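Here are a few notes for anyone opening this one for the first time. They stick to the aromatic rings and who pairs with whom.

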Amino acid sequence: MATKKETITAEMIRQAYLAYSQRQPDPEAFVSFTEHELTAFIRQYFDAGFPGIYAQRDHNYYEKEIRGHIADTQERRDADMASGNKLSLHLKIYSHFLESKAFKSLARQSPASGSALPKTSTAQPASGETSPTSAGNAAQTAADISQATEGDSVRIEELEIVRRNPQLRQACIRKWGYQCQCCGMDFASLYGEELGKNFIEVHHLKPISTYKDRRPEDYVDNLVPLCSNCHSMIHRGKGGPLTLRQLREAYRGPKTPLRICKED
């Protein structure tokens, strides 16, 4: 007798995860972060061939192979801290989700076991994007999952959060302005005042995760405004984050003159 193929689709898993995340302030944004940012993090620092969260369904992979090894390198720790520890949190929650009734009930509800869930493609989108289904089928799936997960609870262990002082960030911006100290880009100039005004990312030249060992002599001088691209690149040094000078030397794109230039 031929074995029936698995019919759990990426969209079905996404709807289950979305229902599972309803306690989050913005469930859709929460799920999107897991799909995209977490996927990018895993591909960059752990597994370049990672197929996406809806294809990799082993909770041990996320909990033990990924989350359990973030602390192995400074680069991974810095990336997690730059996200506000969201990467660690999403790894934990998605791992719990894969062990929950919300996920395990999908196998019991799938057409292979005699249910009437929609038959959609089982192919996993390459970039973590979800497969489309009809509005009616998606609504029915969400309703089925909501009933299956109603009343479920998950215990999330406390994470150690490193506190950040927003006043230091503002002091850095007052000193150097809203201009990237590498490429010179200004968000307001590129995106307009309404969207880009008063936006810039701030980077710790000495990683905040190392403060337990030795704190910087000047907290504000340890901070530097960077655009999102340059901020991502400065964390990609093989031995840890690059220095500001190394980042400037590596940059090959167009440069806008700095109104106020921070020394290397």
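The points below go through the ring pairs, then a charge that sits over a ring.

1. First, a reminder that this is a predicted model. The tally of aromatic pairs in it comes to 14.

2. A good place to start is Tyr-17 with Phe-30. Their rings make a tilted pair, with 6.4 Å from centre to centre and 50° between the planes. Tyr-17 belongs to helix α1 (residues 10-20) and Phe-30 to helix α2 (residues 27-45), so the pair links distant parts of the chain, 13 residues apart.

3. Are these two rings buried or exposed? Tyr-17 is buried, because its relative accessible area is 0%, under the 20% cut-off. Phe-30 comes in at 9%, so it counts as buried too.

4. Tyr-17 has another partner, Tyr-94. This pair is edge-to-face: the centres are 4.9 Å apart and the planes make an angle of 85°. Because Tyr-17 lies in helix α1 and Tyr-94 in helix α5 (residues 86-98), the pair ties together parts 77 residues apart in sequence. Tyr-94, like Tyr-17, is buried.

5. Now zoom out a little. Which residues do ring pairs link into a cluster with Tyr-17? The cluster takes in Tyr-17, Tyr-20, Phe-30, Phe-50, Tyr-61, Tyr-62, Tyr-94, Phe-97 and Phe-103.

6. One last thing to look at is Phe-46. What sits over its ring? That would be the charged end of Arg-76, placed 4.0 Å from the ring centre.

Terms used
Residues are numbered from 1 along each chain as its sequence is written. This is a predicted model: local features need pLDDT of at least 70, side-chain atom pairs count only at pLDDT 80 or more; totals for chains, interfaces and linings use all residues. Side-chain values use heavy atoms; hydrogens and water are left out. Rings of Phe, Tyr and Trp (its six-membered ring) pair if their centres lie within 6.5 Å; planes under 30 degrees apart count as stacked, over 60 as edge-to-face and the rest as tilted. Helices (H or I, at least four residues) and strands (E, at least two) are DSSP runs, numbered from the N terminus. Buried means under 20% relative accessible area, exposed over 50%, partly exposed in between (1.4 Å probe, protein chains only). A charge sits over a ring if NZ of Lys or CZ of Arg is within 6 Å of the ring centre and within 35 degrees of the ring normal.
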